[in-house]
Amino acid sequence: MFELNLPAPSARSLLLTVIGEMMYAPPEAAWTTALLHVLGGLGVEEHAARQVLARAADAGWVVRERDGRAVKWRLAEKGRALVTDGIHRSDAYLAGPPEWDGRWLLLFVTVPGEQRTTRKRLYGGLSWLGLGNPMPGVWLTPHTERGAELSELVESLGLRSSALSVVGTVHDAGLGGDEIAGKAWDLTDLEVHYKTLLDQLNSLPEPRGGDETLFAYLELLNVQQRFMRRDPYLPEELLPEWIGRDGAALIRACRERWGRLAHARWRKLVRDCAPR
């Protein structure tokens, strides 16, 4: 439905969208046939859908439960923790620009040249936490509440002895806030993607219910998650004019219109797929 010139979503990310939205609260199991139907509607072929379900079970995200010859799936503890983190991040993204007290969470870190895999995992984790990189070896974010998550990431990669983390304001001997934002995050491409999303959502006919609404709603959630990975949602003091805030507001409005009908269709689908 959406043509945004972003990398195509993986089957893994689409499955996480489905189980995170539809099976989290209240905790609810889903039959394999229901999950295959929805993933198929999102463009995942059956073979790939079965494969990603098996991998999700191996990773501890979901657990299988047999009922005769049929199989249903529930979120496992690890999967619930993953979804909980995503929900908190989504709530912050949709809430609008955060209030800011002028403090930064900074990380100074070095990774030995031969540890390429560790560096890649570190950079991916820092990006997910919304940290920008204004100069070599320095990462920072105005979201100081993410300190615990940053500590967990650094510890998990065995980098504690080569990292220094600080929370505080910057001194005027160096870059100011707007200069830091300009150097730490290149939002040029993301701005273009947001404009495309706004154009498409504003011209999109309202889904007509049933599977059409369910698939549109889940695809929108997946699009939101992909934007969240790229958007540091900076305070207005650092980025006064930012189209991403309009994008988040429109996503929120569509979610409010489509959510109830999408969940109702999902519950009916799960009931209809139950073995007779």
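## The start of the chain

Pro-9 sits in the segment before α1. The model described here is predicted. Pro-9 counts as partly exposed because its relative accessibility is 33%. Setting aside residues up to four places away in sequence, Pro-9 touches Leu-14, Asn-222 and Arg-226. Tyr-24 lies 15 residues from Pro-9 in sequence. In space, the two are 21 Å apart, C-alpha to C-alpha.

## Helix α1 and the loop after it

Helix α1 has twelve residues. From its first C-alpha to its last, α1 reaches 16 Å. That is close to the 16 Å expected at 1.5 Å a residue. Is α1 mostly covered or mostly open? Mostly covered: ten of its twelve residues are buried. The buried residues of α1 are Ser-13, Leu-14, Leu-15, Leu-16, Thr-17, Val-18, Ile-19, Gly-20, Glu-21 and Met-22. Leu-14, one of these, is also among the residues that Pro-9 touches.

Pro-26 is found in the loop between α1 and β1, and β1 covers 30-31. A cis peptide bond joins Ala-25 and Pro-26. Its omega is about -5°.

## Two nonpolar cores

The largest nonpolar core holds 69 residues. Which of them touch the most other members? They are Leu-35, Val-38, Tyr-93 and Trp-266. A second, separate core has 14 residues, including Leu-105, Leu-126, Trp-139 and Leu-157. In soluble globular proteins, nonpolar side chains tend to be buried together.

Take Leu-35 as a case. Residues up to four places away in sequence are not counted here. Leu-35 then touches Val-18, Ile-19, Met-23, Ala-30, Leu-53, Trp-73 and Trp-266. Two of these partners, Val-18 and Ile-19, are buried residues of α1. Another partner, Trp-266, is named with Leu-35 among the core members that touch the most others.

## Tyr-93 and Tyr-233

Tyr-93 has its place in helix α4. Its relative accessible area is 4%, so Tyr-93 is buried. Arg-252 is 159 residues away from Tyr-93 in sequence. Their C-alpha atoms are 9.6 Å apart in space. Which residues does Tyr-93 touch, not counting those up to four places away in sequence? They are Tyr-194, Gln-224, Phe-227, Met-228, Asp-231, Tyr-233, Gly-244, Ala-248 and Ile-251.

Tyr-233, one of those partners, lies in the loop between α9 and α10. Why does Tyr-233 count as buried? Its relative accessibility is 10%, and buried means under 20%. The backbone also stands out at Tyr-233: phi is positive, about 30°, although the residue is not a glycine.

## The largest pocket

The largest pocket has about 1,400 Å³ of space. Its lining is made up of 41 residues. The closest to the pocket centre are Leu-82, Asp-85, Gly-86, Trp-128 and Arg-229. Several helices give two or more residues to the lining: α1 (11-22), α4 (77-94), α5 (116-128), α6 (147-156), α9 (210-228) and α10 (243-273).

Which element gives the largest share of the lining? Helix α4 does, with nine residues. By type, the lining residues divide into 17 nonpolar, 13 polar and eleven charged.

## Trp-128 and Ile-87

Trp-128 is found in helix α5. This residue is among those closest to the centre of the largest pocket. Trp-128 counts as partly exposed because its relative accessibility is 21%. Leaving aside neighbours within four places in sequence, Trp-128 is in contact with Asp-85, Arg-89, Met-228 and Arg-229. Asp-85 and Arg-229 are also among the residues closest to the pocket centre. Met-228 is a contact of Tyr-93 as well. Arg-229 is 101 residues from Trp-128 along the chain. Their C-alpha atoms are separated by 5.5 Å.

Ile-87 lies in helix α4, as does Tyr-93. Is Ile-87 buried or partly exposed? At 29% relative accessibility, Ile-87 counts as partly exposed. Along the chain, Ile-87 and Arg-103 are 16 residues apart. Their C-alpha atoms are separated by 25 Å.

Technical notes:
Residues numbered from 1 in each chain as written. Predicted model: local features only at pLDDT ≥ 70, side-chain atom pairs only at ≥ 80, totals over all residues. Heavy atoms only, no water. Core = buried A, V, L, I, M, F, W, Y, C linked by side-chain atoms within 4.5 Å. Buried < 20%, exposed > 50% of the residue type's maximum accessible area, 1.4 Å probe, protein only. Contact = heavy atoms within 4.5 Å. 1 Å grid on protein atoms, 1.4 Å probe; cavity = no way out; pocket = protein on both sides within 12 Å on 5 of 7 lines; lining within 4 Å. Points joined across faces, edges and corners; volume = space filled by probe spheres on them. Helix = DSSP H or I, 4+ residues; strand = E, 2+ residues; numbered from the N terminus. Nonpolar A, V, L, I, M, F, W, Y, C, P; charged D, E, K, R; others polar. Expected span 1.5 Å × (residues − 1).
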